[in-house]
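Hi everyone, thanks for coming. I'd like to walk you through one model today, starting with its cysteines and then moving on to some packing.

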Amino acid sequence: MIMAFTAEQEELRRSLRRFLEDKASSAEVRRLMETDEGYDPTVWTQMAQQLGLQGMAIPEEHGGAGFGQVELMVVFEEMGRALLPAPYFSTVALATNALLLSGDDAAKKELLPGMAEGATIATFAVAEDSGRYDFDDVATTATKAGDGGWTLDGSKAFVLDGHTADLILVAAQAPGGPSVFAVQADAAGLTRRAVQTLDMTRKQAELTLTGTPARLIGTEGAGRDLLRQTLDLAIVALAAEQVGGAQRCLDMSVDYAKLRVQFGRPIGSFQAVKHKCADMLLEVESARSAAYYAGWAAAEGSDELPMVAALAKAYCSDAYFHAAADNIQIHGGIGFTWEHDAHLYYRRAKSSELLFGDAVEHRERLAAALLD
């Protein structure tokens with residue numbers, strides 16, 4: 001096992017960082033988070049056609065580049081560092097992975113090319129009133145229609161980019177058991193409403209399905225395994241995002257500690273500030289190790305993935321939140337204002353901490369896996 005990126009992967013990081021510095025500046029992030037859509041369609045197209053980001057992990061036979069989870073780790077880490085407002089996480093980490101894992105060759109052939117070229121924004125609607133990503137809390141029902149298709153009835157909450165997605169994968173209870181269905185954005189009986197959340201850089205929506213036509217993805221009754229495998233990959237992607245955000249908080253803190261002068265000397269020369277920055281560095285580097293190991297497990301298809309994904313989610317959630325909170329403290333409290341970017345990272349850190357379950361839930365998953 002080589003725990004280092006290749007020269008090509010490092011070049012990918014440099015190219016993407018330059019792109020994001022140009023397209024996701026602080027001013028642009030603030031402009032986009034105030035819009036209803038929450039992203040720039042022109043930048044979305046450039047991401048697909050100039051950099052091939054949406055199709056990076058999609059096989060070449062379906063219009064993608066055929067890279068793997070390691071390259072995606074680089075992409076998600078850089079996007080987390082920049083707080084890029086775009087439906088990338090929902091399309092790639094959730095919907096693309098679900099389709100790739102579904103074993104449904106017809107669905108992959110039909111749906112993945114559009115996602116690879118940036119023409120289709122997609123998401124995965126799982127959570128309902130409880131906010132949990134677990135089929136035990138899914139009440140949405142699927143019923144066989146007379147034409148051989150399916151209809152869905154129920155509601156979904158906290159759907160990432162659900163108000164702008166062209167394609168929505170929906171978790172529902174079918175007669176044969178938990179299953180996953182595809183719903184087009186213009187399907188009859190589908191209503192969507194964007195909701196206000198803590199993190200305005202990542203949009204969420206509520207969906208209502210009333211007799212909505214849908215297409216079964218994969219095998220009826222196999223949804224529970226498909227959802228768990230998809231979530232493990234999404235959690236690894238989120239951990240990479242959290243590392244990128246935590247590193248940015250550390251960089252902001254160190255830069256300010258060198259710049260801000262108090263009592264005739266930079267505040268970074270005071271022992272209390274030095275220690276806080278050193279603690280942040282230790283936690284960020286530990287989080288990076290956990291996320292990268294989980295990324296390696298995902299890339300290799302390791303049996304360890306469920307366990308190390310839970311470990312990475314728990315540790316990276318805490319590390320990002322601590323880094324974001326300490327960043328505000330080092331900035332003397334001025335960080336939690338609309339005029340300063342530190343509060344945007346704090347909001348993202350808190351939101352990501354809760355997405356797919358908090359640190360406590362994932363420590364329980366890890367403990368159960370170790371004791372099994």
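**Cysteines, helices and two strand residues**

Let's begin with the disulfide count, which comes to zero, taking a disulfide as a pair of cysteine sulfur atoms within 2.5 Å. Before I go on: this is a predicted model, where local features need pLDDT of at least 70 and side-chain atom pairs count only at pLDDT 80 or more, while totals for chains, interfaces and linings use all residues. Residues are numbered from 1 along each chain as its sequence is written, and side-chain values use heavy atoms, with hydrogens and water left out.

So why is Cys-277 not bonded to Cys-249? The closest cysteine sulfur to that of Cys-277 is the one in Cys-249, and at 12 Å it is too far for a bond. Cys-277 is also buried, at 12% relative accessibility; buried here means under 20% relative accessible area, exposed over 50%, and partly exposed in between, with a 1.4 Å probe and protein chains only. Cys-316 is in no disulfide either, and its nearest cysteine sulfur, again that of Cys-249, is 13 Å away. Cys-316 is buried too, with a relative accessible area of 1%.

Now the helices. Helices are DSSP runs of H or I with at least four residues, strands are runs of E with at least two, and both are numbered from the N terminus. Helix H5 (residues 88-102) packs with helix H7 (residues 223-259) at an angle of about 145°, and their axes are 9 Å apart. Those axes are lines fitted to C-alpha atoms over the stretch in contact, with angles running from 0 to 180 degrees between N-to-C directions. Contact means heavy atoms within 4.5 Å. On the H5 side the contacting residues include Phe-89, Leu-94 and Leu-101, and on the H7 side they include Leu-226, Leu-233 and Glu-241.

Next, which strand holds Thr-123? Thr-123 sits in strand S1 (residues 122-125), and at 0% relative accessibility it is buried. A polar atom of its side chain lies 2.7 Å from the backbone oxygen of Leu-160. Beyond its neighbours within four places in sequence, Thr-123 touches residues including Ser-90, Val-159 and Ile-168.

Last one: Val-170, in strand S4 (residues 167-174). Val-170 is buried as well, at 0% relative accessibility. Setting aside neighbours within four places in sequence, its contacts include Phe-124, Lys-156 and Leu-209. The C-alpha atoms of Val-170 and Ala-291 are separated by 28 Å, with their positions 121 residues apart along the chain.

Key. Polar contact = N/O pair within 3.5 Å; in protein donor to acceptor, adjacent residues only side chain to side chain.
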